[in-house]
Amino acid sequence: MTEFALVERSLVILGASMGAGITGAMFGLGGGIVIVPVLTLFLKIDIRSALGASVISVLANSCSSSPAYLRHGLSNLRLAFFLEPWNALGALSGAFLVGILEDRSLFGIYGTVLFFAMGATILHPRNMEIRQFYAPKNLWAERMKLSGSFEENGKQKAYVVNRLSLGSFLFYWAGMIGGLLGSGAGMINVPALHLVMKIPYKVAVATSTLIIGITATMTASVFLFRGEIDPRIAGPVVLGVILGTAIGSRLLRKLPSSILKFAFIGVMFWVSLQMLYKAVK
Amino acid sequence: MSLDFQNPPSEREFQQKDELLRQAVCRVYRAGIVISAILIIAGIALEWAGSLGWKCPLMQRKYYSWHWETILIFSGLLCLTITPLARVGATLLFSIRQREWVLVMLTSAVLLLALVSMIISWSP
């Protein structure tokens with residue numbers, strides 16, 4: 001590689017990673033859906049190095065946006081600690097299943113689940129507060145003080161955590177998918193928190209960002225010690241993602257939940273189509 | 001002395017603990033991000049400087065066939081990788097001190113599962 005090509009390549013990676021950082025911070029995803037196509041299609045980097053960079057971007061995203069969400073009271077730390085063991089257990093099961101399941105069936109499962117999650121997000125009623133009010137209180141959630149409140153438009157809004165067992169099961173499943181595909185599985189975490197456990201959308205995004213950090217740590221350590229992370233690619237990715245999340249976390253606080261939700265549906269649609277295409281190709 | 005009927009003492013105490021925990025976790029995250037960003041920026045700067053013809057004496061040396069710029073970036077990535085685990089560890093220490101046994105149980109489970117998962121994945 002020539003001298004200037006190295007600098008140029010690093011700058012392109014930095015720019016793409018900034019985009020991934022913004023996407024990740026706004027939707028509670030890792031940003032791999034932006035980084036992997038840019039690295040493989042535009043820069044002709046092999047898929048293994050691109051996946052390694054994607055895992056690092058998930059990690060950088062979680063680490064850099066979590067402090068801002070925690071400071072503004074958006075992340076539910078206790079709920080994150082309750083759901084993380086399920087996610088980690090799922091990732092562990094995923095590591096065992098890697099050798100058994102075919103790649104095509106994995107893509108098929110992931111794509112189908114995303115498609116259903118997208119449908120549920122579209123059909124979900126908008127009057128969240130009314131549903132929250134009439135929702136039955138969960139005994140375990142109350143005992144462990146998992147419910148909380150957050151500030152929106154200068155008002156403090158309280159929320160109750162529902163369906164703890166179904167949510168835990170979904171997080172186990174999300175961890176398994178994350179372990180199998182080497183992703184943070186934020187695509188499943190956010191709908192599980194928002195639609196199943198009835199947590200406001202912004203809190204769901206912030207809490208999912210916190211949770212995917214642990215899953216990404218486990219995956220990244222494996223990639224790192226196997227030598228599948230190229231420092232020359234991952235270095236600019238981390239810096240770009242850190243810059244991008246600074247912008248994305250500000251946007252999350254300022255933009256209304258409805259706009260964020262529609263944008264998230266668009267991203268889900270695009271990713272589910274990609275996954276299903278890979279499954280049937 | 002004014003009485004806050006909406007926030008009974010136990011609730012206020014709980015909120016204070018929660019706030020302290022949030023601050024502790026934020027500090028761990030910030031430290032992790034700052035250290036890894038410094039290491040990565042230093043590594044990339046060395047790499048760019050080398051590619052643009054600047055001969056740094058540090059870059060001429062190798063450590064086990066690894067260039068120094070690679071070592072710096074790799075250390076930054078490693079620091080970033082352990083930051084979420086450090087957050088769990090910090091919460092575990094905090095919850096032991098505050099005698100929050102539910103949190104102790106949950107954080108121990110996360111740490112244990114993460115370590116088991118890593119050991120299994122590292123083994124050939």
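What follows is a chat about a predicted model with chains A and B.

Trainee: Let's start with chain A. How many helices and strands does it have?

Mentor: Chain A has twelve helices and two strands. Along the sequence the pattern is α-α-α-α-α-α-α-β-β-α-α-α-α-α.

Trainee: And how much of chain A counts as buried?

Mentor: Of its 281 residues, 60% count as buried. Looking at contacts in chain A with a separation of 6 or more, 81% are between residues 24 or more positions apart.

Trainee: What about chain B, how many helices and strands there?

Mentor: Four helices and two strands. From the N terminus on, the elements of chain B go α-α-β-β-α-α. Chain B has 124 residues, and 41% of them count as buried. For contacts between residues at least 6 apart in chain B, 59% join residues at least 24 apart.

Trainee: Back to the strands of chain A. In which sense do β1(A) and β2(A) pair?

Mentor: They're antiparallel, with five bridges between β1, residues 148-152, and β2, residues 155-159. One spot to look at is Glu152(A), which stands opposite Lys155(A) of β2(A).

Trainee: How many residues sit between the two strands of that hairpin?

Mentor: Two residues. Asn153(A) is in that turn, and its phi is positive, about 50°.

Trainee: I clicked on Ala158(A). Which element is that in?

Mentor: Strand β2 of chain A.

Trainee: Why does Ala158(A) count as exposed?

Mentor: Because its relative accessibility is 66%, and exposed means over 50%. If you want a sense of where it lies, its C-alpha is 25 Å from that of Gly24(A), a residue 134 positions away along the chain.

Trainee: Now a helix. How many residues of α9(A) are buried?

Mentor: Eleven of eleven, over residues 186-196. Among them are Met187(A), Ile188(A), Leu193(A) and Leu195(A), and the buried set also includes Asn189(A) and His194(A).

Trainee: Anything odd in the backbone just after α9(A)?

Mentor: Have a look at Lys198(A): it comes just after the helix and has a positive phi of about 60°.

Trainee: OK, switching to the interface. How many residues does each chain put into the contact?

Mentor: Chain A gives 50 residues and chain B gives 45. Together they bury about 4400 Å², with 78% of that on carbon and sulfur atoms.

Trainee: Which three residues of chain B supply more of its buried area than any other three?

Mentor: Arg22(B), Trp48(B) and Leu113(B), which supply 13% of the area that chain B buries against chain A.

Trainee: And what's the count of salt bridges between the chains?

Mentor: Four salt bridges. One of them joins Glu84(A) and Arg87(B), where the closest N and O atoms are 2.9 Å apart. For polar contacts across the interface, there are nine residue pairs, both partners being at pLDDT 80 or more.

Trainee: Which elements of chain B give two or more residues to that side?

Mentor: Those are α1 (9-51), α3 (68-97) and α4 (101-122) of chain B. The most comes from α1(B), with 16 residues.

Trainee: Last one: how do the residues on that side of chain B divide into nonpolar, polar and charged?

Mentor: There are 31 nonpolar, eight polar and six charged residues on the side of chain B that touches chain A.

Key. Residues are numbered from 1 along each chain as its sequence is written. Chains are lettered from A and ligands numbered from 1 in the order in which they are written. This is a predicted model: local features need pLDDT of at least 70, side-chain atom pairs count only at pLDDT 80 or more; totals for chains, interfaces and linings use all residues. Side-chain values use heavy atoms; hydrogens and water are left out. Two strands pair if DSSP finds at least two bridges between them. Contact means heavy atoms within 4.5 Å. Buried area is the accessible area (1.4 Å probe) that two parts lose on being put together, summed over both. A salt bridge is a side-chain nitrogen of Lys or Arg within 4 Å of a carboxyl oxygen of Asp or Glu. A polar contact is a pair of N or O atoms within 3.5 Å; within protein, one must be able to donate a hydrogen and the other to accept it, and residues adjacent in sequence count only if both atoms are side-chain atoms. Ala, Val, Leu, Ile, Met, Phe, Trp, Tyr, Cys and Pro count as nonpolar, Asp, Glu, Lys and Arg as charged, and the others, Gly among them, as polar. Buried means under 20% relative accessible area, exposed over 50%, partly exposed in between (1.4 Å probe, protein chains only).
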